[in-house]
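Biologist: Hello! Could you walk me through this structure, one question at a time?

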Amino acid sequence: MDALPLLEPARAAQLAAEFGLKPDEYDRALAILGRQPTLCELGIFSVMWSEHCSYKSSRVWLKQLPTKAPWVLVGPGENAGVISIGDGLAAVFKMESHNHPSFIEPYNGAATGVGGILRDVFTMGARPIANLNALRFGDPALPRTRQILDGVVRGIGGYGNCVGVPTVGGEVNFHPAYNGNPLVNAMTVGVLREDRIFTAAATGVGNPVVYVGSKTGRDGIHGATMSSTEFSADSEEKRPTVQIGDPFAEKLLIEACLELMATDAIVAIQDMGAAGLTSSSVEMAGKGGMGIALEMDAVPQRESGMSAYEMMLSESQERMLMVLKPGREELAERIFRKWELDFAVIGRLTDTGRITIRHKGVLEADMELAPLESQAPLYHRPTEETPKQPPLGDVPDPIGIIAALERLVAAPDLCSRRWIWDQYDAQVGGQTSKRPGQADAAIVRVEESVEQGGAIALAITTDCTPRYVQADPEEGGRQAVAEAWRNITATGALPRAITDNMNFGNPEKPRIMGQFAAAVRGMAAACIALDFPVVSGNVSLYNETEGRAILPTPAIGGVGVIADVAKAVGLALPDGCELVLVGETDGHLGQSLWLREVAGREDGPPPPVDLAAERRNGELVRGLILDGTVLACHDCADGGLLVAVAEMCMASGVGATLSAVSGHGFWFGEDQARYVLATREPEAVLAAARAAHVPAMRLGHSGGGDLVVPGAGSISVARLRDLNEATLPAMMQGY
Amino acid sequence: MKAAIVTFPGTNRERDMAIALRRASGQRPQMVWHREDALPAGLDLVVLPGGFSYGDYLRCGAMAAQSPIMAAVRAFAARGGHVLGVCNGFQMLCEAQLLPGALLRNASLRFLAMDCTMRVERADLAFTRHFRQGQEFRATMAHGDGNWFGDDDTTAMLEGEGRVVFRYADANLNGSRNAIAGICSANGRVLGLMPHPENCVDPLVGGEEGLPLFTSLAESLAAA
């Protein structure tokens with residue numbers, strides 16, 4: 001046996017600490033090896049056991065989430081989840097965070113976030129058809145917030161526009177809790193045939209392990225470890241751990257992989273994401289119960305003099321690892337050369353159950369694969385419940401209904417996102433039916449369905465209301481899932497499954513771990529009640545800077561299906577319609593945007609979510625959309641009922657005269673499970689609601705150029721639009 | 001109409017273009033890889049589609065203009081063939097000197113992805129005969145470098161010879177000289193424009209205001 005370049009004990013212990021391994025984790029690694037580690041082996045342990053790769057703090061909780069349904073083809077554990085959508089087709093999707101890199105280097109942090117999630121989806125064999133992004137930034141008054149926003153938006157656009165995948169939706173919130181720790185969560189949806197799903201489990205002793213894509217450099221070494229610690233004042237020194245994105249290489253990689261996937265050459269495929277070559281090779285061989293022998297001299301390298309350790313830990317972008325069937329190397333190489341990408345056989349599958357890494361004639365690592373997963377650390381960290389917020393009590397209206405509406409439509413959390421989406425190509429691909437601002441969820445038709453004579457479309461949304469989660473993590477978790485379900489329902493589509501992106505603070509703090517546990521509990525309840533299982537996800541912990549945690553943000557990416565794209569509705573209010581409100585209105589002002597923006601308070605409990613009512617109301621609304629009774633629909637969310645109506649007016653330019661006389665609780669309360677419907681058959685809507693035991697009431701009618709609120713006054717739609725459109729451009733002036 | 005779409009590394013609107021051509025003509029266009037040195041025989045139309053050829057890492061379209069296939073495209077144009085370049089394709093046509101001027105960075109220095117309104121300045125071309133002269137129509141645009149620039153003489157020549165085919169009608173968002181959105185060659189058979197009419201050919205996805213461009217071509221070139 002070759003002599004391994006083992007580290008001296010003192011040096012090894014010191015490096016283990018630097019790489020983020022806790023002392024007990026390091027002891028466990030030594031026990032697995034039965035000797036001192038090499039540098040390369042120590043690097044592998046530290047990244048595989050990082051929070052980012054091992055989910056060691058979150059795994060015990062995530063198990064509570066429902067992941068199965070008859071339409072779920074692939075659940076969590078693969079690169080992305082897969083659901084059946086009809087016509088023999090399937091949708092593949094996942095959402096992933098790139099929070100830490102986006103704070104350190106906004107443009108490239110966000111760009112590579114998009115690149116990484118795209119790879120997770122096309123790795124499965126799917127052509128990506130839509131990107132979304134859920135963004136959270138700090139106080140908009142701070143120059144640093146604007147600088148980060150500008151960089152993140154440019155980065156997302158720069159990458160997504162170039163690869164030619166439309167960016168069709170997302171969400172943006174601002175709150176000082178994100179000052180030192182913005183959230184950039186990117187979601188990709190792809191489509192493939194149900195019988196052409198590719199996975200990562202590698203099989204076949206002797207099969208070639210092939211590296212394709214861009215060359216390996218020293219960028220991003222220990223990126224996964226960086227994402228698993230809190231931030232401090234010197235975090236900007238970590239800029240070299242942020243990777244640089246090359247969307248052109250990604251575009252070539254998409255086309256080359258899809259071309260190769262159309263053949264029968266591939267046994268298994270995995271992208272090199274976090275922890276790069278380490279996680280991809282360990283996971284592929286581990287999932288297949290195989291061993292793997294890697295020859296690092298064969299790895300395409302961008303820089304000279306790289307060590308095996310550096311190559312194994314590099315997070316250079318736009319790279320994939322594949323296992324091919326024997327004898328298919330030539331076919332595969334021809335395709336990758338055509339697309340001007342690197343192609344190299346860098347190893348073979350073995351039957352040893354071990355990973356061996358050779359470089360320049362030296363055996364740099366020789367370790368068992370199974371314990372990396374089976375003995376990975378798993379923490380049952382202590383949790384502490386968030387105390388319930390006391391009831392809000394009466395809050396008087398200080399400024400009146402119309403003045404409050406003016407303030408709300410211009411508020412950073414509710415103002416038009418046009419400044420952002422005008423930088424994202426939402427149309428490329430030619431299948432975008434409802435783009436940002438047109439409907440509660442983006443609607444993207446499936447080209448493969450059209451080719452077969454069908455008209456299937458996907459409805460896609462991202463949602464979370466972090467202030468609710470902060471006030472009551474369980475209720476907030478329920479609400480995030482329910483709102484995603486509601487936004488899809490409001491287009492007429494049937495919500496099918498979600499991906500979750502759990503952004504929280506330091507899990508070693510019981511309060512934070514308690515937020516996580518409660519949010520998962522709430523999400524699980526909503527997923528079960530709404531038949532809306534989790535098929536993929538990502539956890540981002542340690543979102544703290546200088547000890548201050550972000551608002552807990554379990555971002556939900558929801559996907560629904562509508563069989564006929566022509567039946568999907570948007571939110572733009574047509575002229576000459578009656579408005580009907582579906583759902584119960586209690587006037588719940590706790591944690592509402594009215595409370596924060598008008599009364600200057602951030603307290604009270606969040607609105608409760610009644611999951612049975614949610615389902616009942618939603619199924620009624622969906623039925624009325626699909627049978628053509630409802631012409632436009634918008635859910636009541638941030639800002640409440642009057643903001644929802646105002647948004648419908650602004651989307652079309654048509655005014656509305658409301659009939660209800662009521663106070664600020666009625667107009668701005670954020671009660672859940674509510675929709676505003678525009679219809680020419682109000683009696684039919686009310687009758688259907690009665691039959692379904694769903695509360696519904698006439699709200700008024702559309703027409704004219706003003707929004708008229710009885711007893712409160714009126715405001716022109718033009719004025720509403722001016723207020724709504726002015727905020728972001730003014731904020732971003734000069735950037 | 002027999003059409004071919006030339007694809008380059010980084011092209012990303014070739015499928016959109018194929019859908020539009022097929023919708024108008026009923027025929028699937030042929031895809032031609034940029035490494036080819038000849039076009040298929042008997043073509044009526046060559047399209048250079050949108051995208052980010054070579055990542056736009058050099059000037060947009062500059063690398064693509066040097067591709068092997070471009071010699072064949074030049075020869076096709078010289079023989080009086082019809083060539084359509086959209087967005088990155090327009091940039092390539094300028095870089096290949098099949099059309100005059102250059103496309104600079106948008107005046108706002110930002111990527112612009114939004115609807116725009118174009119006015120038809122020439123409704124007598126094979127590309128535009130299904131539009132009315134002076135008609136205004138909505139199209140989508142998506143580019144970082146769509147700010148057309150020509151020197152005084154070039155601009156005056158294009159205006160004088162009636163070679164401005166499309167002009168931005170309401171807002172000139174990218175800052176193009178004379179609000180120029182699309183121009184043609186002296187014989188009217190090579191057309192370049194920045195906005196994407198191919199994304200406006202279906203009422204269910206994006207509207208169909210751009211469809212007349214493709215039906216014009218299908219009718220004009222059907223019997224050719």
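Modeller: Gladly, and a definition comes first: two strands pair if DSSP finds at least two bridges between them. Strands (E, at least two residues) and helices (H or I, at least four) are DSSP runs, numbered from the N terminus. This is a predicted model, where local features need pLDDT of at least 70, side-chain atom pairs count only at pLDDT 80 or more, and totals for chains, interfaces and linings use all residues. Residues are numbered from 1 along each chain as its sequence is written, chains are lettered from A and ligands numbered from 1 in the order in which they are written, and side-chain values use heavy atoms, without hydrogens and water.

Biologist: Which residue stands opposite Val709(A) in β28(A)?

Modeller: Strand β27 of chain A covers residues 706-709. Four bridges join β27(A) to β28(A), and the two run antiparallel. Opposite Val709(A) stands Gly713(A).

Biologist: Why is one side of β23 and of β28 in chain A left without a neighbour in the sheet?

Modeller: The open sheet has seven strands in the order β23-β25-β22-β26-β24-β27-β28 (chain A), with mixed pairing. β23 (630-635) and β28 (713-716) of chain A have one side free because they stand at the edges, each with a single partner strand.

Biologist: At about what angle does helix α22 of chain A run to β25(A)?

Modeller: Helix α22(A), residues 611-626, lies across β22, β23 and β25 of chain A. Angles here run from 0 to 180 degrees between N-to-C directions, with axes fitted to C-alpha atoms, for helices over the stretch in contact (heavy atoms within 4.5 Å). For α22(A) against β25(A), the angle is about 20°.

Biologist: How far apart are the axes of α7 and α8 in chain A?

Modeller: Two packed helices are described by the angle between their axes and the distance between the axes. Helix α7(A), residues 106-122, packs against helix α8(A), residues 143-163, at about 40°. Among the residues that meet are Ala110(A) and Val114(A) in α7(A), and Gly151(A) and Gly155(A) in α8(A). The axes are 7 Å apart.

Biologist: Which residue in the turn between β12(A) and β13(A) has a positive phi?

Modeller: β12(A) and β13(A) pair in the antiparallel sense over six bridges, and Arg354(A) stands opposite Glu368(A). The two strands form a hairpin with two residues between them. The turn residue with a positive phi, about 50°, is Lys360(A).
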